Amino acid sequence: MAEDLRGTLAQRAVDRSLGDRRTQYADEIQRVLEATYDLIERTGDVDPSLREILAETGLSTQAFYRYFQSKDELFLLLLDDGRRRILATLERRMQRVDTPEARVRAWIEGVLAQATDSRAAGRTRPFVTDRDRLAEAFPREQQASVDLLVDLLASAIVSLHGRASARDDAVVVYRAAFTTLHDHLLHGTRPSAAETDHLVHFCLQGIGGDRPDANMEEKP
């Protein structure tokens, strides 16, 4: 019994130690992400060198590789973090409107808005412009990140027309919106209201939802 108790207490001590270490590592990784975001925003370089990242974060090479297997893995985390930030923004926009058409509009407008705000553009640029390289290096993780955004849009589309093709429709709209966003971020331009409105109407027509109430104002 004493031996069992000793083993239990030892395991608890190990769990506490690992728990503290996990929290410390998670906090440090988040600090590195924020510092890398700041570096990219300040320099405009979407692919800084490892030396520049180390100088910005204050990490040694050894410490960096304690957290990340490669620079690409750091950028994969930036990609995931960026997409989740966009996802939260889109969810808020979509919750403020009443109709499925308006939710599709809110999703598209929210994506393109990433190019109109300078800070949002700086944070979005790394994972949009480097998406192909990261998708090749980390296909499963990249796809999981994309699925979060597509599924959110598909939930609005299925409410719009109830077709089994709702997710396929969402994939097409995702590609149209993010290709447009990619071009603007790459060239440092902003989508005009007319361009955004045209894309919204084009997508709604394609999925069979371009009705008069598609332009419903957001609730106050």
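Trainee: What pattern does the chain follow along the sequence?

Mentor: In this predicted model, the chain reads α-α-α-α-α-α-α-α-α-α from start to end. That fits the count of 10 helices and 0 strands.

Trainee: And how much of the chain is buried?

Mentor: Buried residues account for 41% of the 220 residues. The accessible surface comes to about 12,000 Å², and carbon and sulfur atoms hold 51% of that surface.

Trainee: Why is threonine 36 called buried?

Mentor: Set its value against the cut-off. Buried means under 20% relative accessible area. Threonine 36 has 1% relative accessibility, so it counts as buried. You will find threonine 36 in helix H1, which covers residues 2-43.

Trainee: Which residues is threonine 36 in contact with, leaving aside its neighbours within four places in sequence?

Mentor: They are Ile53, Thr57, Leu74 and Leu78.

Trainee: What makes the link between threonine 36 and valine 32 a polar contact?

Mentor: Good one to check! The threonine 36 side chain reaches the backbone oxygen of valine 32 at 2.8 Å. A polar contact needs a pair of N or O atoms within 3.5 Å, one able to donate a hydrogen and the other to accept it. The distance of 2.8 Å therefore meets the distance cut-off.

Trainee: Now the helix pairs. How do you know whether H9 and H10 are roughly parallel or roughly antiparallel?

Mentor: Look at the angle. The axes of helix H9 (residues 166-187) and helix H10 (residues 193-206) cross at roughly 165° and come within 10 Å. Because angles over 145 degrees count as roughly antiparallel, H9 is roughly antiparallel to H10. Their crossing is right-handed.

Trainee: Which residues meet between H9 and H10?

Mentor: From H9 come Val173, Ala176, Ala177, Thr180 and His184, and they meet Glu195, Leu199 and Cys203 of H10.

Trainee: Then why are H5 and H9 described as roughly parallel?

Mentor: Try the same steps. Helix H5 (residues 100-112) packs with H9 at an angle of about 25°, and their axes are 9 Å apart. Angles under 35 degrees count as roughly parallel, so H5 and H9 are roughly parallel to each other. On the H5 side, Trp107, Ile108, Val111 and Leu112 make the contact. On the H9 side, the residues are Val173, Tyr174, Ala177, Phe178, Thr180 and Leu181.

Trainee: Is the crossing of H5 and H9 left-handed or right-handed?

Mentor: The H5 and H9 crossing is right-handed.

Definitions and conventions: Residues numbered from 1 in each chain as written. Predicted model: local features only at pLDDT ≥ 70, side-chain atom pairs only at ≥ 80, totals over all residues. Heavy atoms only, no water. Helix = DSSP H or I, 4+ residues; strand = E, 2+ residues; numbered from the N terminus. Buried < 20%, exposed > 50% of the residue type's maximum accessible area, 1.4 Å probe, protein only. Areas by Shrake-Rupley, 256 points an atom, 1.4 Å probe, with all protein chains shown as cover. Contact = heavy atoms within 4.5 Å. Axes fitted to C-alpha atoms, helices over the stretch in contact; angles between N-to-C directions. Parallel < 35°, antiparallel > 145°, perpendicular 65-115°, else oblique. Left-handed = near helix turned anticlockwise from the far one by under 90°.
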